[in-house]
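Please open the model in your viewer and keep the sequence panel beside it. The tour below goes from one selection to the next and says what is to be found at each stop.

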Amino acid sequence: MSTAQQPDPRDRPARLAVGVVGAGRVGPVLAASLQLAGHRPVAVSGVSDASRRRAALMLPDVPLVPPAEVLQRADLVLLTVPDDTLPGLVEGLAETGAVRPGQLLVHTSGRYGAKVLDPALRAGALPLALHPAMTFTGSAVDVQRLAGCSFGVTAPEELRLAAEALVIEMGGEPEWIAEENRPLYHTALALGANHLVTLVAQSMELLRAAGVEAPDRMLGPLLGAALDNALRSGDGALTGPVARGDAGTVAAHVAELRAHAPQTVAGYLAMARATADRALARGLLKPELAEDLLGVLADGAPGTPGTSGPQGTEGDAG
């Protein structure tokens, strides 16, 4: 039996040298997460002052270098740039000979699958699309949020296991998305997450205008419960005046918005119409109540029932 001292696992060399092209909110966070899994960030590129500060915060002592040099140093390269920039970046790197055969090239765009990396594939790179379904701040808290986060994964079949393994190492949950479904997948995420921010911000502004001192504290429990109910029950979680068919209350809402926040009227009407359609289809909105409601939503014009006087708020609950 050998008495030789076994090496400490913490002393093992990192399995992959990781580079980041585009030090926005996502790249440094993913590189930091991979570092926790035993990989070694070796280079990062960033143009703006904010990117450079973010890289210094999340990846201290990792040198800032041009994109081509990132690829020269790294075995695994994270291309974390805006969607519209990605195709040109990939083509440019491939044309200049920066891509090395056998190099893992990972982009984090939700819109694109693996085909956007075809120029690099022809140069011998191994293309992976790993999109975290998460909103990022670019700070250390994001690393913790990756635990249990779903990643939209698209890659050639022979690289599927490698792609899924990287996601799992970052604490995420891989979800396979077919190449042709990437645009629809990304549309769905943007519809839910991006528009949610707008709706919440508008709601907070209106509450402040109504004299509420802490709109965030008021909305937190309500929106948290609404989100939880929606994720559990879908359309079955619909509540409020539209789902109930309270045309007078909805008309009063429109009148208030026209008076205090006219820029929100179009969005309110559009979302209310979509809600009415779904409530009708689910059987939550009674057809006999839908006609007056849809009349209000058709144009939001003054003079519909409940738009004037105290009666406009009758039955307004939840």
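Does D61 count as buried or exposed, and what is its relative accessibility? Select D61 to begin, keeping in mind that this is a predicted model: at 81% relative accessibility, D61 counts as exposed, because the cut-off for that class is over 50%. The residue lies in the loop between α2 (49–58) and α3 (67–73), and its backbone deserves a look, since D61 has a positive phi of about 75° although it is not a glycine.

**The whole chain**

Now zoom out and colour by secondary structure, which in this protein chain comes to 13 helices and seven strands. Of the 318 residues, 38% are buried, and the chain exposes about 17500 Å², with carbon and sulfur atoms supplying 57% of that area. If you display contacts with a sequence separation of 6 or more, 61% of them join residues that are 24 or more positions apart.

**Helix α1**

Next select residues 27–36, the helix α1, in which eight of the ten residues are buried, so that this helix is largely enclosed by the rest of the structure. The buried positions are G27, P28, V29, L30, A31, A32, S33 and L34. Continue past the end of the helix to G38, which follows α1 and has a positive phi, near 110°.

**E164 in helix α7**

Move on to residues 160–169, helix α7, and pick out E164 within it. With a relative accessible area of 18%, E164 is buried, because it falls under the 20% cut-off. Leaving aside residues up to four places away in sequence, E164 touches P174 and W176, and showing the side chains of these three residues together brings the contact into view.

**The pair α8 and α9**

Select residues 182–209 for helix α8 and residues 215–233 for helix α9, whose axes come within 9 Å and cross at roughly 130°. That angle makes α8 oblique to α9, and the crossing of the two helices is right-handed. To see where they meet, show V200, S203, M204, L207 and R208 in α8 together with P215, D216, M218, L219 and L223 in α9. Sorted by type, the residues of this contact divide into seven nonpolar, one polar and two charged.

**The pair α11 and α12**

Go on to helix α12, residues 265–282, which packs with α11 at an angle of about 160°, the two axes lying 9 Å apart. The two helices are therefore roughly antiparallel to each other, and their crossing is right-handed. On the α11 side the contact is made by V250, H253, V254, L257 and R258, and on the α12 side by V265, Y268 and L269. These contact residues comprise six nonpolar, one polar and one charged. As you look along such a helix, recall that an α-helix has 3.6 residues a turn, so residues three or four places apart point the same way.

**A247, the last stop**

Stay with α11, which spans residues 247–260, and select A247 in it. At 9% relative accessibility A247 counts as buried, because buried means under 20%. To finish, add L294 to the selection and draw a distance between the two C-alpha atoms: A247 and L294 are 47 residues apart along the chain, and these atoms are separated by 8.0 Å.

Technical notes: Residues are numbered from 1 along each chain as its sequence is written. This is a predicted model: local features need pLDDT of at least 70, side-chain atom pairs count only at pLDDT 80 or more; totals for chains, interfaces and linings use all residues. Side-chain values use heavy atoms; hydrogens and water are left out. Helices (H or I, at least four residues) and strands (E, at least two) are DSSP runs, numbered from the N terminus. Buried means under 20% relative accessible area, exposed over 50%, partly exposed in between (1.4 Å probe, protein chains only). Contact means heavy atoms within 4.5 Å. Accessible areas come from the Shrake-Rupley method with a 1.4 Å probe; for residues, only the protein chains shown count as cover. Axes are lines fitted to C-alpha atoms, for helices over the stretch in contact, and angles run from 0 to 180 degrees between N-to-C directions. Angles under 35 degrees count as roughly parallel, over 145 as roughly antiparallel, 65 to 115 as roughly perpendicular and the rest as oblique. A crossing is left-handed if the near helix is turned anticlockwise from the far one by less than a right angle, and right-handed if clockwise. Ala, Val, Leu, Ile, Met, Phe, Trp, Tyr, Cys and Pro count as nonpolar, Asp, Glu, Lys and Arg as charged, and the others, Gly among them, as polar.
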